[in-house]
Amino acid sequence: MVVLNCSSFLIKRDKQTDSTEPSNPKARNSVRYNGLIHRKTVGVEPAAHGTGVLVVVKRRSGQRKPAIAYVRTTINKNARATLSSTPHMIRKNKYRPDLHTAAIRRASAILRSQNL
(Lines give C-alpha, C1' and ligand atoms only; values in the text may rest on other atoms or scores of the structure.)
Protein backbone atom coordinates (compact mmCIF):
# COMPACT_ATOMS: atom_id res chain seq x y z
CA MET A 1 0.00 0.00 0.00
CA VAL A 2 1.19 3.46 -0.81
CA VAL A 3 0.10 4.97 2.51
CA LEU A 4 2.14 2.57 4.64
CA ASN A 5 5.51 3.16 2.99
CA CYS A 6 5.52 6.78 1.92
CA SER A 7 3.29 9.21 3.76
CA SER A 8 3.91 12.71 5.09
CA PHE A 9 2.82 11.53 8.54
CA LEU A 10 5.59 8.92 8.97
CA ILE A 11 8.41 9.29 11.48
CA LYS A 12 11.17 6.69 11.20
CA ARG A 13 13.52 6.43 14.19
CA ASP A 14 14.89 3.88 16.64
CA LYS A 15 14.26 1.01 14.21
CA GLN A 16 10.48 1.56 14.22
CA THR A 17 8.04 3.62 12.22
CA ASP A 18 5.51 5.86 13.94
CA SER A 19 2.70 7.87 12.45
CA THR A 20 1.38 11.33 13.34
CA GLU A 21 -2.02 11.00 11.69
CA PRO A 22 -4.89 12.77 13.45
CA SER A 23 -7.07 9.66 13.77
CA ASN A 24 -4.40 7.17 14.75
CA PRO A 25 -4.95 6.40 18.45
CA LYS A 26 -1.74 4.43 18.98
CA ALA A 27 0.54 6.49 16.70
CA ARG A 28 1.70 3.21 15.16
CA ASN A 29 2.24 2.73 11.44
CA SER A 30 -0.01 -0.25 10.75
CA VAL A 31 -3.10 -0.95 8.69
CA ARG A 32 -5.22 -1.55 11.79
CA TYR A 33 -4.61 1.88 13.35
CA ASN A 34 -4.31 3.90 10.13
CA GLY A 35 -6.76 6.79 10.15
CA LEU A 36 -6.53 7.56 6.45
CA ILE A 37 -7.69 4.31 4.86
CA HIS A 38 -10.63 3.27 7.05
CA ARG A 39 -14.15 4.59 6.64
CA LYS A 40 -14.78 4.84 10.38
CA THR A 41 -11.99 6.09 12.59
CA VAL A 42 -11.66 7.40 16.13
CA GLY A 43 -9.06 9.85 17.37
CA VAL A 44 -8.50 11.36 20.80
CA GLU A 45 -6.64 14.66 21.13
CA PRO A 46 -6.14 17.21 23.89
CA ALA A 47 -8.71 20.00 23.93
CA ALA A 48 -7.66 23.42 22.74
CA HIS A 49 -8.23 25.25 26.01
CA GLY A 50 -6.06 22.88 28.02
CA THR A 51 -8.59 20.85 30.00
CA GLY A 52 -10.48 17.84 28.72
CA VAL A 53 -10.16 15.77 25.58
CA LEU A 54 -11.38 16.14 22.03
CA VAL A 55 -12.85 13.00 20.45
CA VAL A 56 -12.55 13.11 16.66
CA VAL A 57 -14.81 10.69 14.78
CA LYS A 58 -14.85 10.20 11.02
CA ARG A 59 -18.27 10.30 9.45
CA ARG A 60 -19.46 7.77 6.96
CA SER A 61 -20.85 10.45 4.63
CA GLY A 62 -18.57 13.09 3.18
CA GLN A 63 -15.51 10.87 2.88
CA ARG A 64 -14.19 12.84 -0.09
CA LYS A 65 -14.65 16.20 1.64
CA PRO A 66 -12.06 16.52 4.40
CA ALA A 67 -13.60 19.69 5.84
CA ILE A 68 -16.84 17.91 6.82
CA ALA A 69 -15.56 14.35 7.17
CA TYR A 70 -14.67 14.66 10.85
CA VAL A 71 -16.94 15.39 13.83
CA ARG A 72 -15.17 16.87 16.84
CA THR A 73 -16.69 16.53 20.31
CA THR A 74 -15.09 18.10 23.36
CA ILE A 75 -15.48 16.24 26.66
CA ASN A 76 -14.78 18.66 29.47
CA LYS A 77 -15.74 16.68 32.57
CA ASN A 78 -13.74 15.24 35.42
CA ALA A 79 -11.38 12.36 34.66
CA ARG A 80 -13.71 9.52 35.63
CA ALA A 81 -16.66 10.85 33.62
CA THR A 82 -14.43 11.53 30.61
CA LEU A 83 -13.04 8.02 30.63
CA SER A 84 -16.53 6.51 30.83
CA SER A 85 -18.10 8.68 28.13
CA THR A 86 -15.32 8.14 25.56
CA PRO A 87 -16.01 4.40 25.04
CA HIS A 88 -19.72 5.09 25.38
CA MET A 89 -19.51 7.33 22.30
CA ILE A 90 -17.59 4.67 20.39
CA ARG A 91 -19.97 1.82 21.26
CA LYS A 92 -23.27 3.64 20.82
CA ASN A 93 -22.31 5.08 17.43
CA LYS A 94 -21.17 1.60 16.31
CA TYR A 95 -17.63 2.59 15.52
CA ARG A 96 -14.77 0.14 15.44
CA PRO A 97 -14.66 -1.90 18.66
CA ASP A 98 -10.98 -2.72 18.17
CA LEU A 99 -10.13 0.95 18.80
CA HIS A 100 -12.02 0.97 22.11
CA THR A 101 -9.05 0.21 24.37
CA ALA A 102 -6.65 2.41 22.42
CA ALA A 103 -8.99 5.39 22.70
CA ILE A 104 -9.38 4.92 26.46
CA ARG A 105 -5.62 4.69 26.95
CA ARG A 106 -5.01 7.77 24.83
CA ALA A 107 -7.64 9.78 26.74
CA SER A 108 -6.17 8.60 30.05
CA ALA A 109 -2.67 9.69 29.03
CA ILE A 110 -3.97 13.10 27.95
CA LEU A 111 -5.83 13.59 31.22
CA ARG A 112 -2.76 12.54 33.21
CA SER A 113 -0.65 15.11 31.37
CA GLN A 114 -3.21 17.80 32.19
CA ASN A 115 -3.09 16.87 35.91
CA LEU A 116 -6.84 16.41 36.34
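How many salt bridges does the structure hold? The structure, which is a predicted model, holds two of them, and the legends below come to these after views of the sheet, the helices and the core.

**View 1. Three strands, S3, S4 and S5, form an open sheet.**
The strands follow one another in the order S3-S4-S5, and their pairing is antiparallel. S3 and S5 stand at the edges with a single partner strand each, so one side of each of these two strands is left without a neighbour in the sheet. Neighbouring strands of this sheet are turned by 25° against each other on average, when direction is ignored. As background to this view, strands of a sheet pair through backbone hydrogen bonds, and they may do so in a parallel or an antiparallel way. Between S3 and S4, which run antiparallel, there are five bridges, and a reader who starts from Val42 will find that its bridge partner in S4 is Val57.

**View 2. The helices H2 and H3 pack against the strands of the sheet.**
Helix H2 lies across S3, S4 and S5, and its direction runs at about 155° to that of S5. Helix H3 packs on the sheet as well, where it touches S3 and S4, and its direction makes about 5° with that of S3.

**View 3. Helix H2 covers residues 79-92 and has several buried residues.**
This helix has 14 residues and reaches 20 Å from its first C-alpha to its last, which is close to the 20 Å expected at 1.5 Å a residue. Which residues of H2 are buried? They are Thr82, Ser85, Thr86, Pro87, Met89 and Ile90, and what covers them includes strand S3 (42-46), strand S4 (53-58), strand S5 (70-75) and helix H3 (100-113). In thinking about such a list, it helps to recall that an α-helix has 3.6 residues a turn, so residues three or four places apart point the same way. Thr82 has its place in this helix and counts as buried because its relative accessible area is 0%. Residues up to four places away in sequence left aside, Thr82 touches Val53, Ile75, Lys77 and Leu111. After the helix comes Lys94, whose phi is positive, near 55°.

**View 4. The largest nonpolar core of the model has 16 residues.**
The residues with the most contacts inside this core are Val42, Val44 and Val53. The elements that give two or more residues to the core are S3, S4, H2 and H3, and among these H3 gives the most, with five residues. Val53 can serve as a starting point for exploring its surroundings: if residues up to four places away in sequence are not counted, Val53 touches Val44, Glu45, Ala47, Thr73, Thr74, Ile75, Thr82, Ala107, Ile110 and Leu111.

**View 5. Arg32, Arg96 and Asp98 are linked in a network of salt bridges.**
Side chains of opposite charge can pair when their charged atoms come close. In this network, Arg32 forms a salt bridge with Asp98, and the closest N and O atoms of the pair are 3.5 Å apart. Arg32 lies in the loop between strand S2 (16-19) and S3, whereas Asp98 lies in the loop between H2 and H3, so this pair ties together parts that are 66 residues apart in sequence. The side chain of Asp98 also meets that of Arg96 in a salt bridge, with a distance of 3.1 Å from N to O. Are the members of the network buried or partly exposed? Arg32 is partly exposed, at 42% relative accessibility, and Asp98 is partly exposed too, at 29%, whereas Arg96 is buried, with a relative accessible area of 15%.

**View 6. Ser23 is a buried residue in the loop between S2 and S3.**
The relative accessibility of Ser23 is 2%, and for this reason Ser23 counts as buried. When its neighbours within four places in sequence are left aside, Ser23 is in contact with Tyr33, Gly35, Thr41, Val42, Gly43, Val56 and Tyr70.

**View 7. The strands S1 and S2 form a hairpin with two residues between them.**
Strand S1, made of residues 10-13, pairs with S2 in the antiparallel sense over four bridges, and in S2 the bridge partner of Lys12 is Thr17. In the turn of this hairpin, Asp14 has a positive phi of about 55°.

Terms used
Residues are numbered from 1 along each chain as its sequence is written. This is a predicted model: local features need pLDDT of at least 70, side-chain atom pairs count only at pLDDT 80 or more; totals for chains, interfaces and linings use all residues. Side-chain values use heavy atoms; hydrogens and water are left out. The expected span of a helix is 1.5 Å times one less than its number of residues. Buried means under 20% relative accessible area, exposed over 50%, partly exposed in between (1.4 Å probe, protein chains only). Contact means heavy atoms within 4.5 Å. A nonpolar core is a set of buried Ala, Val, Leu, Ile, Met, Phe, Trp, Tyr and Cys residues joined through side-chain atoms within 4.5 Å. Two strands pair if DSSP finds at least two bridges between them. Axes are lines fitted to C-alpha atoms, for helices over the stretch in contact, and angles run from 0 to 180 degrees between N-to-C directions. A salt bridge is a side-chain nitrogen of Lys or Arg within 4 Å of a carboxyl oxygen of Asp or Glu.
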